[in-house]
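Here are some notes on the structure you sent for comment, arranged as numbered points. Please read them with the structure open beside you.

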Amino acid sequence: MRLPKTSEPSGTVLREIRLGKGDFAAGGACSAPFLDLDGARRRRPLVFGEVPLSGDTLHGLGDQLFSGRQDDPEEWSVMWREIGADGIYVRVPPGYDGDPAVIDRICSRTNLPVAVDGDPELVAAVADRIRDSILILVPRGDMDGRPCGEHVVATVCRSCDEAIRSCTGACGDTVVLMSVDDVAGGTSGMSDYRRAGLASEPGSGHPVMVDTTPIWDRVLSMDGAGDPVRTLSMWEGTAALTAMMAGADILVMRGPGAADMARVYGEELADL
Amino acid sequence: MSGELEIGGTCIGGGGRPTIALSVTDILDTGSVAVRMGNIIDRTSGLESFDAVCIRNDSGSPDAFAETVAIVASLWSGGLILDSDDPAAILMAAGQLGDRRPLITMGSSPGDGMMTAGMLGCPVVVRSDSMEELMDLSAEASGAGVGVALDPAATNMKQCLERNTDLHRLATRIPEADHPVVTRAWSGEYALAMGTVSIVNHASLVILDDLDRDSCVVIDRVSRSMGAAHAEAP
């Protein structure tokens, strides 16, 4: 049987950002995620490992997951690099009273792209100090006109419509940051935003960064979960897989096993 | 995708929640088949998507297959999938099922599969890694009045993504593609990943060899999320 053509190339190339020393790129897609049928670009999502500057986000599993190196954010970041992460997502909790210069040292010791998530004052101060590496700035509040330098700024969104509104008229490089707290729920906003980008809608086309770490709270609150490390890896890895199929360009991940799964899945889907 | 099939009280396709099936082999002795079914029932309890069980004729023996199917059917009230390349084994096994209508899959001999399914009044899975051949088989089955599901024979996640998407798009253009899509995968974490890719990309039925309870919970959640998304879609 002779079949009709099913290829749907868009002819649009989405925005691409450069990170770190300019040696890491994200975005720049020209098709539905990974689809060779539509001429997909062979690029997998970048995987950023989460490093909070205080608090136990690992729920007591840190020694098992990071061999004790999670007690020192610099060492933790270096370990992320050693296990193959593409970047470090530094989470600075509100009211953090430590020395934020640790972020400078994370940049210089890992040589990886770094994202900084925290109060606008702290984020602006870091942006002003670090000039030899392109950061992703994730201010949890209004930057009130504080300069962002050459860095990329993330806008936190829950839906495609919100992302389009937030990014319309944005100057400089921007990424859309969305979160998932389930293995497959909440990805429609990413898919819609990718489609809007391929249709060249105003405010669309920026790279999408997806935070999969909220899934930890869901898993740890479930009754009857088995081995928590394995269960968390499966849930977070599967959430990353569904997010990348929905168009995630950057993944923020907490578990090293899940991050490894995400990288391997991304490589296979991108045919690398 | 609007094509819908009914297998033993379970509907697959039609834009509803995807169905997942674990498998039982007929190389087990009768006691072990019952134990295996107990394991499947335990590890899928409370999970909505595990609506079917696949029985594989790995032994090559029609008698062993029929005996295994009879035990499974006595313990499982949901959908049944009979997987054999031997028409005689399928016919003998189907004889154990009364008025239950299983889904027939005969991977390496699709012509025999269609004929056997037609004799039994059951739907059939046609399988090919060539989209043209798959559409020919689909047309042939439909022409014979047999309900059909399509297995594009993906052996990895990438193929699964490409072929399921291709079928989904074809379904809007030609009727031969407008049938439930089936994916087969094996055991363990890669099977979980492949099943996830398939469900997210329009599969209606995922047949797996085996998964542990944790993986069953995860893939059930993916299936329910996609089912809910399909239900909300305009």
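The points below go from the barrel of one chain to the hairpin of the other and then to the contact between the two.

1. A word of caution comes at the start: this is a predicted model, in which local features are described only where pLDDT is at least 70, and side-chain atom pairs count only at pLDDT 80 or more.

2. In chain A, eight strands close into a barrel, following the order β3-β4-β5-β6-β7-β8-β9-β10, and their pairing is parallel. Neighbouring strands of this sheet are turned against each other by 25° on average, when direction is ignored.

3. Strand β5 of chain A (residues 114-118) deserves a closer look, because five of its five residues are buried, so that the strand is largely enclosed by the rest of the structure. In a regular strand the side chains alternate between the two faces of the sheet. Accordingly, A:Val114, A:Val116 and A:Gly118 point one way from β5(A), whereas A:Ala115 and A:Asp117 point the other way, and all of them are buried.

4. On one pairing of β5(A), four bridges join it to strand β4 (residues 87-91) of chain A, and the two run parallel. Within this pairing, A:Arg91 has A:Asp117 of β5(A) as its bridge partner. The chain passes from β4(A) to β5(A) through helix α3 (residues 101-110) of chain A, and this β-α-β crossover is right-handed.

5. β5(A) also pairs with strand β6 (residues 136-139) of chain A, in the parallel sense and over four bridges, and here A:Val116 stands opposite A:Leu137 of β6(A). Together with helix α4 (residues 120-129) of chain A, β5(A) and β6(A) make a right-handed β-α-β unit.

6. Elsewhere in the barrel, strand β7 (residues 152-156) of chain A is joined by four bridges to strand β8 (residues 174-179) of chain A, the two running parallel, and A:Val153 has A:Thr174 in β8(A) as its bridge partner. As for helices packed on strands, α2 (residues 73-82) of chain A lies across β3 and β4 of that chain and runs at about 160° to β3(A), while α8(A) lies across β9 and β10 of chain A and runs at about 165° to β10(A).

7. In chain B, strand β1 (residues 4-7) has alternating side chains: B:Leu5 and B:Ile7 point to one face and are buried, whereas B:Glu4 and B:Glu6 point to the other face and are not. β1(B) pairs with strand β2 (residues 10-13) of chain B in the antiparallel sense over four bridges, and B:Glu6 has B:Cys11 in β2(B) as its bridge partner. The two strands form a hairpin with two residues between them, and B:Gly8 in the turn has a positive phi of about 55°.

8. Which parts of chain B supply the side that touches chain A? The contact takes 31 residues from chain B and 26 residues from chain A. Helices α5, α6, α7 and α8 of chain B each supply at least two residues of the chain B side, and the largest share, nine residues, comes from α8(B). The residues of that side divide into 15 nonpolar, five polar and 11 charged.

9. One helix pair between the chains can be followed residue by residue. The axes of α8(A) (residues 228-245) and α7(B) (residues 188-200) come within 10 Å and cross at roughly 35°, and the crossing is right-handed. A:Met234, A:Thr238, A:Leu241, A:Thr242 and A:Met245 meet B:Leu192, B:Ala193, B:Thr196, B:Val197 and B:Val200; the residues of this contact divide into seven nonpolar, three polar and no charged.

Definitions and conventions: Residues numbered from 1 in each chain as written. Chains lettered and ligands numbered in written order. Buried ≥ 20, exposed ≤ 12 C-beta atoms within 10 Å, placed from the backbone. Pairing = 2+ DSSP bridges. Right-handed = clockwise from strand over helix to strand, strands pointing away. Axes fitted to C-alpha atoms, helices over the stretch in contact; angles between N-to-C directions. Left-handed = near helix turned anticlockwise from the far one by under 90°. Contact = placed C-beta atoms within 7 Å. Nonpolar A, V, L, I, M, F, W, Y, C, P; charged D, E, K, R; others polar.
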